[in-house]
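This report walks through one protein model, starting with its internal spaces and then turning to its cores, one of its sheets and one of its helices. Please keep the structure in view while reading.

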Amino acid sequence: MKYNNIYNKVIGVALAALSLTACTDTWNDHYDAASGMENGVDATLWETISTQDNLSNFAKVVKACGYDKALNSSQMFTAFVPTNDSFSEAQADSVIAIYQADKATGKIERDNAAIKEFIHNHITLYNYSVSGNSNDSIVMMNGKYSVLTSSTFGGQKILKANVLHNNGVLFTLNDKVKYFPNVFEYLRTDPDLDSVASFLHGYSIYEFDAEQSVPGGIVNGQTVYLDSVFMLQNDLFRQIGRINSEDSTYWMVAPTNEVWKNLVEEYSNYFVYAPEKGEGEAAKRERDSLSYLYPRLFMLYGAVFSRTNNPDAAIQDSAMSVNAIPYQYRENTYGFTDVAYYQYFKPFMPGGVFYGTENTTTSNGQVMKAATWNIDKRQTFYQRIKIEAEYVYNQKEDTTNKATIEPLNTVRVQSSNPFYNKVSSNSYVEIAPVTPSTHPYAKFYLPYTFSNLAYDAYVVIAPAIAGDTLASEAQRKPNKIRVELEYTKADGSEAKSEVLLSSHETKANVMDTILIKEGLTLPACSYGLTDDKKPKAAIKISNRASNTEANTRKTHTKTIRVDCLILKPHGEN
């Protein structure tokens with residue numbers, strides 16, 4: 001097991017202390033004679049700590065870090081103080097040196113290693129006492145959980161317990177309590193993980209929390225705080241998992257700097273965003289931010305695992321990352337039931353996601369350092385895409401020939417129809433001619449696609465009888481379709497339309513899945529674009545049945561019934 005202590009400087013999470021209602025009864029109930037509380041001391045915690053000779057080294061640190069004011073206030077604390085026998089003056093001076101060094105860099109007080117890893121590791125809000133059967137897990141000022149029993153605290157022996165003061169309770173210990181970083185904090189302590197740590201910490205902000213802060217009075221009409229609590233906020237935690245949370249357990253597969261460098265170089269090719277016409281600096285900054293964020297975020301998107309959702313018996317066979325979708329919801333999410341993105345089978349076996357990692361225990365789980373990356377992009381973001389033709393936001397309006405296009409008609413498949421549940425989402429669109437002599441067509445966006453990744457593209461055509469079992473013989477006839485690709489180049493210019501199928505005859509009376517392009521690769525990424533920016537590629541499907549075939553011989557129909565388009569990662573089975 002590895003851990004860091006006060007001598008390892010850590011930039012990490014500033015968490016407010018939380019109250020545990022099971023341990024914070026009313027003063028009279030909690031500290032009556034039956035509880036084992038000693039006679040009270042008519043002094044504050046600071047007054048006692050600063051005047052007892054065997055606590056002078058701890059007091060020296062508290063004074064140098066400016067925390068004496070808090071321990072001398074009316075705020076209630078429980079302090080667990082190591083005596084001079086185990087905490088020497090030289091050690092105290094080392095802690096003070098770290099405090100001064102961190103302060104010189106401009107770190108906020110609660111993120112200062114001396115305060116977070118030492119002072120706040122020995123102090124908690126509210127009042128705690130022990131009795132013969134005590135065994136509680138309490139939250140310290142730094143958010144860490146420590147176990148308090150009748151004889152130990154944080155694994156250290158209690159020398160004297162339950163000394164009641166005017167503003168809290170004092171315990172003395174035979175040694176200082178070790179500080180264990182959580183997953184998020186630990187990343188900063190390992191030089192091999194600098195890259196991933198810097199990326200994640202770059203999105204951290206701290207917001208002041210008045211409720212958890214220690215007030216010190218009113219000055220000029222404003223509350224002055226003796227201890228200001230700033231809560232860590234990081235939007236990336238909502239994406240990859242709350243690896244800073246002390247009340248959850250996570251495993252994180254963390255890439256080494258070399259792996260990070262290689263993957264960022266590879267993944268950056270997949271997030272090339274074409275500039276908009278006449279875009280300003282703000283739009284360019286947005287493109288640049290997406291090009292920076294996504295190659296790194298998607299490396300980690302499937303690399304964190306909640307142990308709550310992965311008990312020991314299950315994780316040996318299959319590991320579900322925090323972004324894995326349970327089986328019963330996969331069809332609604334992805335459009336398919338036979339996909340298992342962000343779920344990894346036999347994770348400990350050779351080639352598995354956990355195989356060959358160097359594992360370090362943290363306060364809320366485990367960091368699994370990976371010098372070889374076994375999380376394939378086909379298991380995560382490089383996914384199969386289904387584009388439902390009936391969804392309006394997938395339909396691209398053609399303003400140049402608007403007058404000649406029949407509005408797309410959505411047809412729903414009834415539950416009594418033999419094609420029910422064979423048509424995707426049980427609905428499709430009809431591309432019908434305005435007049436018998438016109439040739440109808442429609443365009444459909446290709447959303448969520450990545451640049452420079454190859455897809456095998458399909459279009460699924462539904463038969464007339466899927467919408468009407470009484471469809472006429474003429475309506476049931478096959479069609480001839482032309483399929484073209486429209487796309488934007490990486491520089492933002494429009495490419496010439498590319499013909500994928502010049503004339504393909506569809507099959508009558510069956511669901512017809514047609515391969516329209518193997519290894520389709522787009523130069524511009526559409527993933528993550530805001531609503532006002534449309535995808536950079538579209539498929540145009542048009543009728544190629546002639547007037548003679550459709551109107552005279554009646555061997556074909558001009559109506560095209562499009563169920564969906566499907567993009568599969570190239571080579572997927």
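## Cavities and the largest pocket

The largest cavity has a volume of about 100 Å³. This value, like the others in the report, comes from a predicted model. Of the 18 residues that line the largest cavity, Ile-461, Ala-462, Lys-477, Thr-506 and Arg-561 lie nearest its centre. By class, this lining holds eight nonpolar, six polar and four charged residues.

The count of cavities of 30 Å³ or more comes to two, and the second largest has a volume of about 40 Å³. Its lining consists of Tyr-273, Ala-274, Glu-276, Arg-287, Cys-525, Leu-529, Lys-533 and Lys-536, which divide into four nonpolar, no polar and four charged residues.

The largest pocket has a volume of about 990 Å³. Among the 38 residues that line this pocket, the closest to its centre are Glu-331, Thr-333, Tyr-334, Gly-335 and Lys-386. Helix α13 (330-334), together with the strands β18 (385-388), β23 (454-461) and β28 (560-569), each supply at least two residues of the lining, and the largest share, four residues, comes from α13.

The table sets out the three spaces by volume and by the classes of their lining residues.

| Space | Volume | Nonpolar | Polar | Charged |
|---|---|---|---|---|
| Largest pocket | about 990 Å³ | 20 residues | twelve residues | six residues |
| Largest cavity | about 100 Å³ | eight residues | six residues | four residues |
| Second largest cavity | about 40 Å³ | four residues | no residues | four residues |

## The protein and its nonpolar cores

The protein has 573 residues, of which 51% are buried, and it contains 14 helices and 28 strands. Among contacts between residues at least 6 apart in sequence, 73% join residues that are at least 24 apart.

The largest nonpolar core has 92 residues, and those with the most contacts inside it are Leu-200, Ile-516 and Val-562. Helix α11 (residues 281-300) gives the most to this core, with seven residues. Which residues does Ile-516 contact, if its neighbours within four places in sequence are left aside? Ile-516 is then in contact with Ala-457, Tyr-458, Val-459, Val-483, Leu-500, Leu-501, Ile-539 and Leu-565. Apart from the largest core lies another core, of 29 residues, which includes Val-61, Ala-70, Val-95 and Ile-119.

## An open sheet and a helix

Five strands form an open sheet, in the order β19-β22-β27-β24-β25, with antiparallel pairing. The strands β19 (395-396) and β25 (498-505) stand at the edges and have a single partner strand each, so one side of each is left without a neighbour in the sheet. Within this sheet, β24 (residues 480-487) and β27 (residues 537-543) run antiparallel and are joined by seven bridges, and Tyr-487 stands opposite Ala-537 in β27. In general, the strands of a sheet pair through backbone hydrogen bonds, either parallel or antiparallel.

Helix α3 (residues 56-64) has Asn-57, Phe-58, Ala-59, Val-61 and Val-62 as buried residues, and Val-61 is also one of the residues of the core of 29. The buried residues of α3 pack against α2 (45-49), α4 (68-71), β1 (77-82), α5 (89-104) and α6 (113-119). Just after α3, Gly-66 takes a positive phi of about 75°.

Notes. Residues numbered from 1 in each chain as written. Predicted model: local features only at pLDDT ≥ 70, side-chain atom pairs only at ≥ 80, totals over all residues. Heavy atoms only, no water. Core = buried A, V, L, I, M, F, W, Y, C linked by side-chain atoms within 4.5 Å. Buried < 20%, exposed > 50% of the residue type's maximum accessible area, 1.4 Å probe, protein only. Contact = heavy atoms within 4.5 Å. 1 Å grid on protein atoms, 1.4 Å probe; cavity = no way out; pocket = protein on both sides within 12 Å on 5 of 7 lines; lining within 4 Å. Points joined across faces, edges and corners; volume = space filled by probe spheres on them. Nonpolar A, V, L, I, M, F, W, Y, C, P; charged D, E, K, R; others polar. Pairing = 2+ DSSP bridges.
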